[in-house]
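Subject: Structure handover and notes

Hello,

Here is the structure I said I would pass on. Please look it over before reading the notes below it.

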Amino acid sequence: YYPKRDSDVDAGRMAFGQERLLVSPLQMAMVAGTIGNAGILMRPHVVDRIVSPDGEPIVETRRTRIRRAVEPATARAVAEMMVRAVESGTGTNARISGVLVGGKTGTAETGVAGRNVTWFIAFAGPPGERPRVAVAVVLENQTSTGGSTAAPIAREVVQALLGPAANT
């Protein structure tokens, strides 16, 4: 497909994340979180709580629902695929023993031979519970894939966020 006008979009390329599709890491973390949260989009936050020097909470972040973005059945189906991607697919470098991790790798061509932008988005939490965290890792100027470059970083971030239990 060779568009005749700059305003024409190649829908096929757009569908799998190329062409003119632009997203931020925060938007993609929100996508992962929404899928892991049965289709409900939540307001993102970076700080869970602020505590005083003696450990008493001063401020605690409240979970805030924005809206339902995906039907529950669709979210469950996508979440199952994301979990399988981490268990036995392109995202195995994000596996964490004792933690349910669902993820999606991405490798975007840049137009420069051998240089890619690599991605990994994930939701994670204790098995049998709703995920507690969602992350997105994006790396520019890479020579490999999202599964080999971004997924291991996502694993480290998830382990840090979930605490010592995730590091066993």
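The notes below go from the whole chain to the sheet, the helices, the cores and a few single residues.

Overall

Please keep in mind that this is a predicted model. The chain has four helices and seven strands, and from the N terminus on these elements run α-α-β-β-β-β-α-β-β-β-α. Of the 168 residues in the chain, 34% are buried. Taking contacts between residues at least 6 apart in sequence, 49% join residues at least 24 apart.

The sheet

Strands β5, β6 and β7 form an open sheet, in the order β5-β6-β7, with antiparallel pairing. The edges are β5 (100–109) and β7 (133–142); each has a single partner strand, so one side of each is left without a neighbour in the sheet. From one strand to the next the twist averages 10 degrees.

The two pairings can be taken in turn. β5 and β6 run antiparallel and are joined by ten bridges. In this pairing Thr105 stands opposite Phe120 in β6. The hairpin of β5 and β6 has six residues between the strands, and Gly111 in that hairpin takes a positive phi near 95 degrees. On the other side of the sheet order, eight bridges join β6 (residues 116–125) to β7, again antiparallel. Here Ile121 is placed opposite Ala136 in β7.

Helices against the sheet

Which strands does helix α3 lie across? Helix α3 (residues 72–88) lies across β5 and β6, and runs at about 80 degrees to β5. Helix α4 (residues 146–162) also packs on the sheet, where it touches β5, β6 and β7. The direction of α4 makes about 145 degrees with that of β7.

Cores

The largest nonpolar core has 16 residues, and those that touch the most other members are Ala94, Val101, Phe120, Ala124 and Val158. At least two residues of this core come from each of β6, β7 and α4. There is also a second, separate core of ten residues, including Met28, Ala32, Val117 and Phe123. Phe120, listed above for the largest core, is the residue that stands opposite Thr105 across the β5 and β6 pairing.

Helix α2 and the loop after it

α2 has twelve residues, which at 1.5 Å a residue should span 16 Å; the end C-alpha atoms are 16 Å apart, which agrees. The buried residues in α2 are Met28, Ala29, Ala32, Thr34, Ile35 and Gly36. Two of these names, Met28 and Ala32, also appear in the second core. The cover over the buried residues of α2 includes β1, α3, β6 and β7.

Ala38 follows α2, in the loop between α2 (25–36) and β1 (40–42). Ala38 has a positive phi of about 60 degrees, although it is not a glycine. Is Ala38 buried or exposed? The relative accessible area of Ala38 is 18%, and buried means under 20%, so Ala38 is buried.

The end of β7

Asn141 is another residue that has a positive phi of about 60 degrees without being a glycine. Asn141 is placed in strand β7. With 53% relative accessibility, Asn141 counts as exposed, because the cut-off for exposed is over 50%.

Gln142 also lies in β7. At 19% relative accessibility Gln142 counts as buried, because that value is under 20%. A polar atom of the Gln142 side chain lies 2.9 Å from the backbone oxygen of Glu140. Leaving aside residues up to four places away in sequence, Gln142 touches Gly114, Arg115, Asn116, Thr118 and Thr149.

Gly125

Gly125 lies in strand β6 and counts as buried, at 2% relative accessibility. Not counting residues up to four places away in sequence, Gly125 touches Val99, Leu100, Pro131, Arg132 and Leu162. How far apart in space are Gly125 and Gly36? Their C-alpha atoms are 9.4 Å apart, while in sequence the two residues are 89 residues apart. Gly36 is one of the buried residues of α2.

Regards

Methods
Residues are numbered from 1 along each chain as its sequence is written. This is a predicted model: local features need pLDDT of at least 70, side-chain atom pairs count only at pLDDT 80 or more; totals for chains, interfaces and linings use all residues. Side-chain values use heavy atoms; hydrogens and water are left out. Two strands pair if DSSP finds at least two bridges between them. Axes are lines fitted to C-alpha atoms, for helices over the stretch in contact, and angles run from 0 to 180 degrees between N-to-C directions. Contact means heavy atoms within 4.5 Å. A nonpolar core is a set of buried Ala, Val, Leu, Ile, Met, Phe, Trp, Tyr and Cys residues joined through side-chain atoms within 4.5 Å. Buried means under 20% relative accessible area, exposed over 50%, partly exposed in between (1.4 Å probe, protein chains only). The expected span of a helix is 1.5 Å times one less than its number of residues. A polar contact is a pair of N or O atoms within 3.5 Å; within protein, one must be able to donate a hydrogen and the other to accept it, and residues adjacent in sequence count only if both atoms are side-chain atoms.
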